[in-house]
Amino acid sequence: MLAGVWQLPGHGIAMNVRLKSRYNPGLASTAFLQTPVAIYYVWYVCTCMPEKAGQLWWGIPGSILMLLLTFIVPILVMKDRNSPYPFEEQELYGYNREHVAALWEERKAAKTAKEDR
């Protein structure tokens, strides 16, 4: 349940900054489904089962640890821009092809300019 809460900074802040956009895939479900359900869950546990509320203190660092182990570390370890298994054209650009393609070209140009220095 708490893992859904950690998606809000990822989908609500980090992805929007990287995509230079106000919306991204996953933002609506994170903001309007997972986070409210998690807030209600914490409220319910603290209100109706106060003897179990102490377990939330184990769940918070546990969910952060599992987020690192199951999402962040695998992405950092396994990313390879020269992979022999590239994304299909449709998968690469997603819902906003022109915007993502412009970002892609902008980053390539910045990298080339940096290498030329």
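Which residues of helix 5 are buried? In this predicted model, the buried residues of helix 5 are V100, A101 and L103. They cover an arc of only 160° around the axis, which puts them on the same side of helix 5. The face turned away from that buried side carries the exposed residues E98 and D116. Helix 5 itself runs over residues 97–116, and its 20 residues, at 1.5 Å a residue, should span 28 Å, a value with which the 28 Å between its end C-alpha atoms agrees.

## Helix lengths and kinks

The same reasoning about length can be applied to helices 2 and 3. For helix 2, which comprises the 22 residues 27–48, a rise of 1.5 Å a residue leads to an expected span of 32 Å, and the end C-alpha atoms lie 30 Å apart, in agreement with that expectation. For the 23 residues of helix 3 the expected span is 33 Å, and the end C-alpha atoms are 32 Å apart, which again agrees. The values are set side by side below.

| Helix | Residues in helix | Expected span | End C-alpha separation |
|---|---|---|---|
| Helix 2 | 22 residues | 32 Å | 30 Å |
| Helix 3 | 23 residues | 33 Å | 32 Å |
| Helix 5 | 20 residues | 28 Å | 28 Å |

Agreement in span does not exclude local bending. Helix 2 has a kink of about 30° at Q34, shortly before the proline P36, while helix 3 has a kink of about 35° centred on L68.

## The surroundings of helix 2

In helix 2 the buried residues are L27, T30, T35, A38 and V45. The partners against which these buried residues pack are helix 1, covering residues 2–19, and helix 3, covering residues 56–78.

Two further residues of helix 2 can be placed relative to other parts of the chain. V42 lies in helix 2 and, at 27% relative accessibility, counts as partly exposed, since buried would require under 20%. When residues up to four places away in sequence are left aside, V42 touches L2 and L56. The C-alpha atoms of V42 and G62, which are 20 residues apart along the chain, are separated by 15 Å. I39, also found in helix 2, is exposed, with a relative accessible area of 54%, a value over the 50% cut-off. Although I39 and M1 are 38 residues apart in sequence, their C-alpha atoms are 9.3 Å apart in space.

## An aromatic cluster in helix 2

Where aromatic rings are concerned, the count comes to two aromatic pairs. Y40 and W43 form a tilted pair, with 5.6 Å from centre to centre and 35° between the planes. Being three residues apart in helix 2, Y40 and W43 are separated by about one helical turn. In the other pair, the ring centres of Y40 and Y44 are 6.1 Å apart and the planes stand at 35°, so this pair is tilted as well. Y40 and Y44 both lie in helix 2, four residues apart, which is about one turn of the helix. An α-helix has 3.6 residues a turn, so residues three or four places apart point the same way.

Y40 takes part in the pair with W43 and in the pair with Y44, and Y40, W43 and Y44 form one aromatic cluster. Each member of this cluster is partly exposed: Y40 has a relative accessibility of 49%, W43 one of 47%, and Y44 a relative accessible area of 35%.

## Cysteines

How many disulfides does the structure hold? The structure holds zero disulfides. C46 is in no disulfide, and the nearest cysteine sulfur to that of C46 belongs to C48, at 10.0 Å. C48 is likewise in no disulfide, its nearest cysteine sulfur being that of C46, 10.0 Å away. Because a disulfide requires the two sulfur atoms to lie within 2.5 Å, the 10.0 Å separation of C46 and C48 does not qualify. Both cysteines are partly exposed, C46 at 38% relative accessibility and C48 with a relative accessible area of 41%.

Methods
Residues are numbered from 1 along each chain as its sequence is written. This is a predicted model: local features need pLDDT of at least 70, side-chain atom pairs count only at pLDDT 80 or more; totals for chains, interfaces and linings use all residues. Side-chain values use heavy atoms; hydrogens and water are left out. Helices (H or I, at least four residues) and strands (E, at least two) are DSSP runs, numbered from the N terminus. The expected span of a helix is 1.5 Å times one less than its number of residues. The bend at a residue is the angle between axes fitted to the seven residues ending there and the seven starting there. Buried means under 20% relative accessible area, exposed over 50%, partly exposed in between (1.4 Å probe, protein chains only). Contact means heavy atoms within 4.5 Å. The arc is that of the directions from the helix axis to the C-beta atoms. Rings of Phe, Tyr and Trp (its six-membered ring) pair if their centres lie within 6.5 Å; planes under 30 degrees apart count as stacked, over 60 as edge-to-face and the rest as tilted.
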